[in-house]
Amino acid sequence: MRMPRGLDDRIGWLCATIGLTALLALTVPYAHAAGGLSISNPDGAAVRALVIGVDDYQHVRKLKGAVADAADIVTSLKSMGVSDVVALTNAQADRASVLREISALVERTKNNDLIFLSIAGHGTQEPERVKGTEPDGMENVFLLPGFETTPTGSVERILGSEFNHFIRQFELRGAKVIFVADTCHGGGMVRDIDPRAAEMSFRQVPRYTLLVDELKPVSDSNDPKSELDFDHTAFLAAVDRYTKAPEVRIPGIDGLRGALSYAIARAVEGSADINHDGKVTLKELFSNVRQVVYQLSDQRQNVVTISSPAQIPETDIAFELTRGVVLIQGPAARAASGQAGAAAPVEGQAPAPSAVTAKAPTVPTLAAATNTAPTSSAPTPLRGAAPIRLAALDGKTNYFANVTPKDVTVQAVQPTDNPDLIWDPVSHDVIAWGDVVAYGVDVAGLPTVVDRTAAIRELKRMATRSPQMMRIWPDDRQQRAGQTVEVDLADVASRAVLLFNVSGDGTIQVLYPVGSDAALARSASLRLPLRVGEPFGAEQIVAVTSQQRMVDLETVLMQLNRRRASGQVIKSLERYLPADARIASIGFFSAP
């Protein structure tokens, strides 16, 4: 088996600032205390919601996760004490019902109420009805389950301008609005989908022509023309006008979901309250949701957040959290007062390799592994890890009879049966949800790729609970050999930073701190350039930050450096993660 290289040695310099506004990093979310945690309106009025989710389209491609998204948001709102919640899913969400329920919600709305409007389903674009109202001449449209391009079916859609009409009605009654659009209206993708992968599900249908349009809009010429024409409304959209929104896998949840809806549900439950003061500002809400979606979608989605010009995101309160509160901590989180003892030895551990020394001004690459992970006579699987569903591209399962990963079990399935990994027996490439995870892996090498898949799933789960703000630039396209990517960390001043990579075959590479790197970040932002090298496939960049230096965790990571030991990383995080830790886990992909 060839030894992985991944990103070469780390670039030997760090930048104190980055070319974008620093985002707030996030701490560990709330959980329900014995007395219950509730969402409340900072102005003391009611919180009300209308939630729409459509999977079962009758005449266009069906979706798989929009109804589950609606159910998740409804459950979160109700569990947080919101009683006025109306849900419309599938056949319930015909145009007449949507207009009836949103009109009734307007009638119930009082001064200072907070209104949640959420829709998950297909979107598209049509030529604007009022010339000059849209920057590209196209209006956003939300499709309902009975939509088709016949005169009767043309009625089953809601124009973006119609939502603008109703939002203005809420504002005229003195309410504030949070509008969530987990859909997409046009555009394409930066990163191509491997044609051997299972079909991906996107919340967008191609543009169409209506020869006869029977829709009679409820909007009029006096309604707001754009999001910037409102006074008290916050908009969150799954993607911009030029990008598709995929349905994604959420760690620990069966089936597909919308990353934006999932992030909104967790934010409502309290994960967006950065400083635990019980008040979620618009900036906190936006920052939390953007990071969670970015991580869950492996960079395919960059959420669009817009607030009204009169709002000040840094200080305006989106909603408050009241009553009993406790912190969710890691399985073995220690008190924030200090580190306990020395790091325990790794299973079957050989002596730790020496630290990588940065060689300025050369540009390091994600580095080569020097050996494989040490074996153990009695390996311990990841706690509670669900089986990894493994399929061969030709549908045969006999290839996997002797595939025995160390950290998780394997379930052989068909390539059409929602596998986590698809192995191509001709090229030996391993594919996951549209991306090549590893190239040229024979059957004997599959166990470490399988273990890595389980580890990344758990890393994403951890990062969703307590996200650290991190971005990978320039974008989510497949990176090529020799190209440079930059990892940007925000809001890390005076925080200890651990940064490492997990390659497609599970090899760990410590990226920070190495050599003379400072134990604590000296500025609010850190930028770490990396050069792409072999082997090509998946790279998962993971950052862990804390107010204290994580000596035990740092020691273990150095012991694991350049070893195929993804499961050991998870076990070490469970054991040594500080209570105040923030985690980022972001994947990018390279190709020859």
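Select R95, L99, I102, S103, L105 and V106 in helix α2 of this predicted model. Now add E162, F163, F166, Q169 and F170 in α3, which they meet. By class, this contact has 7 nonpolar, 2 polar and 2 charged residues.

Show both helices in full: α2 covers residues 95–108 and α3 covers residues 160–172. Their axes lie 9 Å apart, at an angle of about 20 degrees. Angles under 35 degrees count as roughly parallel, so α2 is roughly parallel to α3. The crossing is right-handed.

Next, go to helix α7, residues 551–560. Is α7 largely enclosed or not, and why? It is largely enclosed by the rest of the structure, because 8 of its 10 residues are buried. Color D552, L553, E554, V556, L557, M558, Q559 and L560 to see the buried set. Then bring up what covers them, including β21 (496–503), β22 (508–512), β24 (538–546) and α8 (566–576). Step just past α7 to R562, where phi is positive, at about 65 degrees.

Stay with L553 and move to the largest nonpolar core, which has 48 residues. L553 is among the members that touch the most others, along with L421, L446, F500, V544 and L573. Helix α6 (residues 446–465) gives this core its largest share, 9 residues.

Center on L446. Leaving aside residues up to four places away in sequence, L446 touches L390, F400, V403, W423, V430 and V441.

Last stop: a second, separate core of 45 residues. Select V47, A70, V74 and A263, which are among its members.

Conventions:
Residues numbered from 1 in each chain as written. Predicted model: local features only at pLDDT ≥ 70, side-chain atom pairs only at ≥ 80, totals over all residues. Heavy atoms only, no water. Axes fitted to C-alpha atoms, helices over the stretch in contact; angles between N-to-C directions. Helix = DSSP H or I, 4+ residues; strand = E, 2+ residues; numbered from the N terminus. Parallel < 35°, antiparallel > 145°, perpendicular 65-115°, else oblique. Left-handed = near helix turned anticlockwise from the far one by under 90°. Contact = heavy atoms within 4.5 Å. Nonpolar A, V, L, I, M, F, W, Y, C, P; charged D, E, K, R; others polar. Buried < 20%, exposed > 50% of the residue type's maximum accessible area, 1.4 Å probe, protein only. Core = buried A, V, L, I, M, F, W, Y, C linked by side-chain atoms within 4.5 Å.
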